[in-house]
Amino acid sequence: MVSFRHNMKTALAEFVGVFFIMLCIGCNVSGREEFSDPLLILPTSVASMVMALYYGCPKAHFNPAVTLSLAVTRFVEWREVPIYIVSQVFGALAGCLCYQQIHSNPANFLAIHEHPRSEYYDLVVCQAIFSTMMCLVFLCVSPITTKNKKQFYGLAIGFVIIAQRHSVRKVFRDGWNNPAITFSIYTTAPSSTPTMLCHLLGEFLGVGLASMIHGLTFPEAYDKPGTFMAKLVAELVGTFFLVVTFACHIFLKTAMGPWAIAATLLCMMCAFGSSSGSHLNPAVTLALRITGRSVDEGSPLSLAAFLYVVAQFLGALIAALVIKSISGTLVLDDVAPVFESFTFRQLALAEAFFTGFLCFVMVSTRAMGTRDLTQVAGLIVGSCMTAAGFAVGAVSAALFNPAVTLGLVMAVPSWSPRMFFSYLAFQLFGTMLCCIFFMITRGRLSAEDVSSSRVGQAAHKAIEAFGAAASASADLATVAADALADLGDPFGEKTDKTDKTAEKSPAKESTEAV
């Protein structure tokens, strides 16, 4: 009886949650006639709905791919999987029927974008990439899989939708990283079965990839000891997703590209912040190294920072290879640099200043007195990326990251290798500015932050040595004073004897006179 009641509660929660997600998608598409591009605001609206639902039901799934990834990683029993998936599919179908009743004009209903056979491979790969991101972020931040509840879990899961939809919506409009949503859209509208199967195949491939990556990056979740290699894998995977999002923005020239990039950065920082610290940027790793912030307690600081940078560049190279393999769909006829109308000096200033700005914020979130910011560090850095991306994205493409620069130079045919070294010089200069400014403005370290800074450790040791020397000097002075007190005052005794002799002198004189 208890099991039946539990299953009914689970089924009802999943049905209602997916129902509202599907209803939000359909109403946004059908009821946004006043916008020239009605799909522009759709990802943020749906992400907000998903975020609210996950905070309302912390242990809900709302996604068959997520349910399968939890079952593969043994956080959910396989016998419960059919209950979740059936409820999710029926909730999505009910949402489709409901939004069609709210908006009675069939011309505004969700339209299916058919793909030729030449694009099937690209469709599967892109769907697999972002389905992996969705399942992986869920596994990393959900209260179901983490011992310590993370307050940002709903925010991170919702922002995956912003990252995916603003990245590839121009070419793959019907992908939502959710097999239940995909199935309901394709079954309630005239469509071709092969395209739907490509979406579903990519989404289920993401389940396997996410489960494998989670096992490599969080071995402690499976009662295994954590390793430094897990941190390197986290840096590699996080940089991979960041470079893919950048490449989609550069290739497709999306208006909301900086918003998608910031969403990806937020998701990766929330997912891997407790594993590797989520640097995802050689400039950030260098800034943390210079300012003395620890990269890994179990390895020498210089070696750990070097390996972090190697992992980040390797992730960028893998992303470049993947992007080149699907270039038939993503790459336009002429992908020219977005900054071609600006001068070299303008590009240098934009990259240097905003790279320094981003590094300063990253270092500051790990500095003294800010350990309570770990829950919102992803939101802080993502906000910086949003501001900087929209501010100078048209000037320098707003890269601010040597690994991203390398990946794009490898993936974009019209970008020459010289661009990498030019960008690298600007970004390193900005990193140096960040370190100088940080040491000037945040040079005084609190006692609790001393352990995380080599400069602080040296200063603390010097203060301890000075205090010990002062204490020893005081003790020596006390011992000397006590010794003098024990010896007495010879000058005082001599004076007393002289006085006594002087007192006896008149009596002696009288005796002599007699």
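The exercises below, each with a worked solution, concern a predicted model of one protein.

Residues are numbered from 1 along each chain as its sequence is written. In this predicted model, local features need pLDDT of at least 70, side-chain atom pairs count only at pLDDT 80 or more, and totals for chains, interfaces and linings use all residues, while side-chain values use heavy atoms, with hydrogens and water left out.

**Exercise 1. Confidence**

Determine in which helix confidence is lowest and in which it is highest.

Solution. Begin with the average: the pLDDT (the predictor's confidence in each residue, from 0 to 100) has a mean of 78 over the protein, and 73% of the residues score at least 70. Next, compare the helices (DSSP runs of H or I, at least four residues, numbered from the N terminus). Confidence is lowest in helix α19 (residues 490-513), with a mean of 43, and highest in helix α3 (residues 64-72), with 94. Finally, examine the stretches with pLDDT below 50, counting contacts (heavy atoms within 4.5 Å) beyond near neighbours in sequence. Residues 444-456 form one such stretch, with 29 contacts in the model. Residues 489-514 form another, with zero contacts.

**Exercise 2. Two helices and their surroundings**

Compare the end-to-end distance of helix α5 with its expected span, and state how many of its residues are buried. Repeat the exercise for α6.

Solution. The expected span is 1.5 Å times one less than the number of residues. For the 22 residues of α5 (residues 120-141) this gives 32 Å, in agreement with the 32 Å between the end C-alpha atoms. Burial is then assessed by relative accessible area (buried under 20%, exposed over 50%, partly exposed in between, with a 1.4 Å probe and protein chains only). In α5, 20 of the 22 residues are buried, so this helix is largely enclosed by the rest of the structure.

For the 16 residues of α6 (residues 153-168) the expected span is 22 Å, and the end C-alpha atoms lie 24 Å apart, which agrees. Here 16 of the 16 residues are buried, so α6 too is largely enclosed by the rest of the structure.

**Exercise 3. The nonpolar cores**

Identify which residues of the largest nonpolar core touch the most other members, and which helix supplies its largest share.

Solution. A nonpolar core is a set of buried Ala, Val, Leu, Ile, Met, Phe, Trp, Tyr and Cys residues joined through side-chain atoms within 4.5 Å. The largest core has 127 residues, of which V46, V137, V141, I181, F272 and L408 touch the most other members. Its largest share, 13 residues, comes from α5. For V141, the contacts more than four places away in sequence include F152, Y153, A156, I157, C270 and A271. A second, separate core of five residues includes L232, A304, Y308 and A311.

**Exercise 4. Buried polar residues**

Describe the surroundings of E203 and of S184.

Solution. E203 belongs to helix α8 (residues 193-217) and counts as buried, at 0% relative accessibility. Its C-alpha lies 5.4 Å from that of A128, although the two are 75 residues apart in sequence. Beyond four places in sequence, E203 touches A65, Q127, S131, W176, N177, N178, P179 and T182. A polar atom of the E203 side chain lies 3.4 Å from the backbone nitrogen of N178.

S184, in helix α7 (residues 179-187), is also buried, with a relative accessible area of 0%. Its side chain reaches the backbone oxygen of I181 at 2.8 Å. With neighbours up to four places away set aside, S184 is in contact with M22, A92, L93 and C96.

**Exercise 5. The salt bridge**

State which residue pairs with R79.

Solution. A salt bridge requires a side-chain nitrogen of Lys or Arg within 4 Å of a carboxyl oxygen of Asp or Glu. The structure holds one. R79 pairs with E77, and the closest N and O atoms are 2.6 Å apart. R79 is exposed, at 58% relative accessibility, whereas E77 is partly exposed, at 43%.

**Exercise 6. Positive phi**

Is D223 buried or exposed? Is A398 buried or exposed?

Solution. Most residues other than glycine have a negative phi. D223 has a positive phi near 60° and lies in the loop between α8 and α9 (228-252). At 71% relative accessibility, D223 is exposed. A398 has a positive phi of about 55° and lies in the loop between α15 (377-396) and α16 (402-411). With a relative accessible area of 4%, A398 is buried.

Terms used:
Helices (H or I, at least four residues) and strands (E, at least two) are DSSP runs, numbered from the N terminus. A polar contact is a pair of N or O atoms within 3.5 Å; within protein, one must be able to donate a hydrogen and the other to accept it, and residues adjacent in sequence count only if both atoms are side-chain atoms.
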